[in-house]
Structures are given as C-alpha cells and as structure tokens.
Amino acid sequence: MTYAYSPEQLEIRDTFRRFLGEAVTSEYRRKQIGLGVKSDSLLVQQLREMGAWALFEPAGSKPPSMMALALLASECGRVLLPEALIDSVLCGPMLVGIAD
C-alpha cells in the first residue's frame, strides 16, 4: 500500500502553493500584522474565485474532502498566512456536511 497524493490532490496543493507563495510574502504579513488587519477581503475573494470553498462543499452523496482541507491548511501554514481562514470559513462547510 502506498501513501501518495493522487494527481488531483497534487494539483490542489500545487495551485494553492503557487498562489499563496506569490500573494503572502513577508512584506504582506508585516503589513497585515502592522495594520492590525484581521482579514484581507481581497485575498479571501481571490481564494473563493479559485474554487477553494467549492472543495469543501458536499457533492451529492460524496462528503467534503478532509484531504483537500488538510492540503490547503498545510499551504496556509507554509506561508504563515495571518488569517483565520481555516477555522472561520473553511470549516463551516465541513461541519455542515458532517451534520447532514
């Protein structure tokens, strides 16, 4: 048994790695923290447009992907994203899907 990412999972990881790596620089983090900004609505909107939220919505009888959540969380941590993105926005659809 191999524990390797599927091609789809690698695509998800690489897409968010590229985007977050370009968007969340050390200058960006300093600016956000220095201004006391809790959430960057432009960054959140860009993530939505990329389909980040769609990854966590149940698709018919298929539950949301916990692996997709883990991949995005990992990439957010990799760039030290100063957002409460995972717990405030992305977990909502996961919890709704689990409750159904």
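## A five-helix chain and one helix pair

Of the 100 residues in the protein chain, 30% are buried, meaning under 20% relative accessible area with a 1.4 Å probe, protein chains only. What you're looking at is a predicted model, where local features need pLDDT of at least 70, side-chain atom pairs count only at pLDDT 80 or more, and totals for chains, interfaces and linings use all residues. Residues are numbered from 1 along each chain as its sequence is written, and side-chain values use heavy atoms, with hydrogens and water left out.

The chain has five helices and zero strands, so its pattern along the sequence reads α-α-α-α-α. Here helices are DSSP runs of H or I with at least four residues, and strands are E runs of at least two, numbered from the N terminus.

Now for one pair of helices, H1 and H4. Their axes (lines fitted to C-alpha atoms over the stretch in contact, with angles from 0 to 180 degrees between N-to-C directions) come within 9 Å and cross at roughly 25 degrees. That makes H1 roughly parallel to H4, a label for angles under 35 degrees. The crossing is right-handed, with the near helix turned clockwise from the far one by less than a right angle.

Here is who meets whom, with contact meaning heavy atoms within 4.5 Å:

| Helix | Residues in the contact |
|---|---|
| H1 (residues 7–23) | Gln-9, Ile-12, Arg-13, Phe-16, Arg-17, Leu-20 |
| H4 (residues 66–78) | Met-67, Ala-68, Leu-71, Leu-72, Glu-75, Cys-76, Arg-78 |

These contact residues split into eight nonpolar, one polar and four charged.

Methods: Parallel < 35°, antiparallel > 145°, perpendicular 65-115°, else oblique. Nonpolar A, V, L, I, M, F, W, Y, C, P; charged D, E, K, R; others polar. Buried < 20%, exposed > 50% of the residue type's maximum accessible area, 1.4 Å probe, protein only.
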